[in-house]
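Please open the model in your viewer and keep the selection panel at hand. The stops below run from the whole chain to a helix pair and then to the ligand.

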Amino acid sequence: MGKKIKVAKPFVDEEEVQAVREVLLSGHYVSGPRVKEFEEKFAEYIGVKHAVAVNSGTAALHVALASLGIGPGDEVIVSPLTFFSTVSAVLHQNAIPVFADIELESFCLDPADFERKITENTKAVIPVHIFGNAAEMDEIVKIAKENDVSVIEDCAQAHGTEYKGRKVGSIGDAGCFSFYATKHMTTGEGGMITTDNNDLAEKARIIRNHGMVGRDQHVMLGYNYRMSEINAAIGLVQLKKLEKLNELRIKNSLYLLDQIRKKIDWLKVPEIKGYIRHTFFWCPVIVLEDKIGMRATELVKKLRENGIEVRYRYREPLYKQKVLLDLSPYPGGCPFSCARRQIDYHNVFLPNVEKIAGKIIGLPNHPGLTKEELDHVVETLEKIGRGV
Ligand SMILES: Cc1ncc(COP(=O)(O)O)c(C=O)c1O
């Protein structure tokens, strides 16, 4: 098969085009009925009282932290295996990211290590539902409550993921979603904050709109993080398709993982807990480099040469990023000059994340793939394993 297999692609058709056309011709682009309707429908889908639309997942995290009053010197516990936004949002509030390890099977925050990392300065924790899995929320929420710590779920990769029958984004104090182009559903760029907390939702609406409550009335520090009507119109159509797309994504991933379990002993398929509905933003497998005698980077290269695109990111724990090692987001200033204790990321070493960072790849699993294409992925992996 000479055909290229993409790892991800947006699923958009005439319905989204028509929805955007209607907005453009309406002349009403900002703070209109579509954003409101998208918020209401998304809140209903997740099972929360409020949803607040913003223009990216990063903005959602930033607004959630700001709405909870997280500020200079406050510590926020995060997983080091995620996209950098989970951390940069904390830095933008002049707060201090503190890293806790992950569980080896789920790749999500390890509740026991979260508890160990709590100090008197800890104000929030951000469990990331990475790759479409769900973090161990019962334990995380229990520990957080006992220590008066807010829980912000990073659901940027987990639209429709369920933990013990509840959708992620409805379990912590707030949930933050991204609608970036390759996500389970897209608005082009966009994000959403979900919450049952009336006060948090109200603050979030003000902060996303310049901290403004009326013309010329700025009551808090805010941003222009509004979602446009154009993006919301796309989101409304995509939301209707989400469950169908998720089912296909799940079916493709379970098929691939089952084939790999049976046929390829140098790829480790992670165990998924029975009470989690994993929605497979990624179809993640761990490359057992010693067993295949090849580095993961080399495997990724060979797959690409064979026309198969894979995801290969978060190759290093985030605490190794230069901006953190140098303590340099705002040179010489807050957040690190505002820290209430000495921070040095050179000293951070989290064994589980170190063990698997750089060895996880995400196989093509998007809803448009056929069984033939999935089989071709498995056959190509087998071929590479045989050294052909
Ligand atoms: C785990 C995680 N958090 C946050 C974000 C940020 O979302 P956005 O790209 O919409 O700003 C992403 C986006 O890729 C993500 O994967």
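With the whole protein chain selected and drawn as a cartoon, you have 13 helices and 15 strands on screen, where helices (H or I, at least four residues) and strands (E, at least two) are DSSP runs numbered from the N terminus. This is a predicted model, in which local features need pLDDT of at least 70 and side-chain atom pairs count only at pLDDT 80 or more, while totals for chains, interfaces and linings use all residues. For your selections, residues are numbered from 1 along each chain as its sequence is written. The radius of gyration, 21 Å, is close to the 21 Å that the globule rule gives for 388 residues, so the chain is as compact as a globular protein of that length (taken over C-alpha atoms; the rule is 2.2 Å times the number of residues to the power 0.38).

Next, select residues 14-26, helix H1, together with residues 229-263, helix H8, which pack at about 150 degrees with their axes 9 Å apart. That angle makes H1 roughly antiparallel to H8 (over 145 degrees, on a scale from 0 to 180 between N-to-C directions). Showing side chains brings up the contact (C-beta atoms, placed from the backbone, within 7 Å), which includes Ala19 and Val23 of H1 and Ile230 and Val237 of H8.

Finally, centre on the ligand, which 14 residues surround (C-beta atoms, placed from the backbone, within 6 Å), the closest being Ser56, Gly57, Thr58, Ala156 and Ser178. Helices H3 (57-67) and H4 (85-92) are the elements that each give two or more residues to this shell.

Definitions and conventions: Parallel < 35°, antiparallel > 145°, perpendicular 65-115°, else oblique. Contact = placed C-beta atoms within 7 Å.
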